[in-house]
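Colleague: Got a minute to walk me through this one? I'd like to talk about its sheet, a helix and a pocket.

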Amino acid sequence: MAETLTTATVSNDNPDTADNVATLVPDATTTWQSTDTHMGRANWLVDTANEADDNADEIVLVGNSGTSAQHASELRFPPANVHATTAKNDGITGLTDLTHGTGPTSPEFGATVFESNEGSEGGQWPLGAAHSEYFQEGNDSLEYMGEVIAGKH
C-alpha cells in the first residue's frame, strides 16, 4: 500500500506584501503535533531578521531646534536619508542653534531639506500654532513625510 504525503503551508503574515520572505522547511520527521515547535522556530527567525534589518532607513526631523549632532552623518544615516523641515512661522526657529546644536535645516547640517507650509501666525508662546501644523491634511510636509515612508525619497 502506498503512503500518502500531506503538506501544509503556514505563514506568520502576508507574504504577498512583505519586504522580505523567509521559508522554513522542517525535516521529514515533522508531524502535525510538532507544528508548534516549528512555528516557534519561524518566529525566532523573523525576530532575528527584524533585529538585523535595523527597522529604520530614513529619519525625518520636523520643527526641530537642533540635535546634538553637528552634521547629519553623525545620526548614523547617510545624509541623503536625513530629511528636515521647519515652517517659517514656527516659533522653534528662535531656538535653533541655541539649545541642541546646528539646526537641521541649515546647509551646514547636510540634511535633505523639504518644504512645509508657512504655518499660522500667532498662537501660544513660545512655539506658536505653526509648530503643531506639520501633520495637518493639506500641509506640504505631511505629503513629503508620506512619500518618505513609502520609499519615494
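What follows is a short chat about this predicted model.

Colleague: Let's start with the sheet: what order do its 3 strands have?
Modeller: It's an open sheet, and the pairing is parallel. β1 (59-62) and β3 (112-113) are the edge strands, each pairing on one side only. That fits the order β1-β2-β3.

Colleague: And which residue in β2 does L61 stand opposite?
Modeller: β1 and β2 (residues 82-85) run parallel and are joined by 4 bridges. Across that pairing, the residue in β2 that stands opposite L61 is A84.

Colleague: Now helix α2: why do its buried residues line one face?
Modeller: Helix α2 covers residues 140-149, and its buried residues are S141, Y144, M145 and V148. What covers them includes β1, β2 and β3. Look down the axis of α2 and the buried residues line one face, because they fall within an arc of 100 degrees.

Colleague: On to the second largest pocket: how many charged residues are in its lining?
Modeller: The lining is D19, D53, N55, A56, D57, E58, V148, I149 and G151. V148 is also one of the buried residues of α2. Split by type, the lining has 3 nonpolar and 2 polar residues, and the charged ones number 4.

Colleague: Last one: how much space lies in that second largest pocket?
Modeller: Residues lining the pocket include D53, D57 and G151. The space inside comes to about 160 Å³.

Methods:
Residues are numbered from 1 along each chain as its sequence is written. This is a predicted model: local features need pLDDT of at least 70, side-chain atom pairs count only at pLDDT 80 or more; totals for chains, interfaces and linings use all residues. Side-chain values use heavy atoms; hydrogens and water are left out. On a 1 Å grid over the protein atoms alone, a cavity is a set of points where a 1.4 Å probe fits but cannot get out, and a pocket is an open set with protein on both sides within 12 Å along at least five of seven lines; lining residues have an atom within 4 Å of a point. Grid points are joined across faces, edges and corners, and a volume is the space filled by probe spheres set on the points. Ala, Val, Leu, Ile, Met, Phe, Trp, Tyr, Cys and Pro count as nonpolar, Asp, Glu, Lys and Arg as charged, and the others, Gly among them, as polar. Two strands pair if DSSP finds at least two bridges between them. Helices (H or I, at least four residues) and strands (E, at least two) are DSSP runs, numbered from the N terminus. Buried means under 20% relative accessible area, exposed over 50%, partly exposed in between (1.4 Å probe, protein chains only). The arc is that of the directions from the helix axis to the C-beta atoms. Contact means heavy atoms within 4.5 Å.
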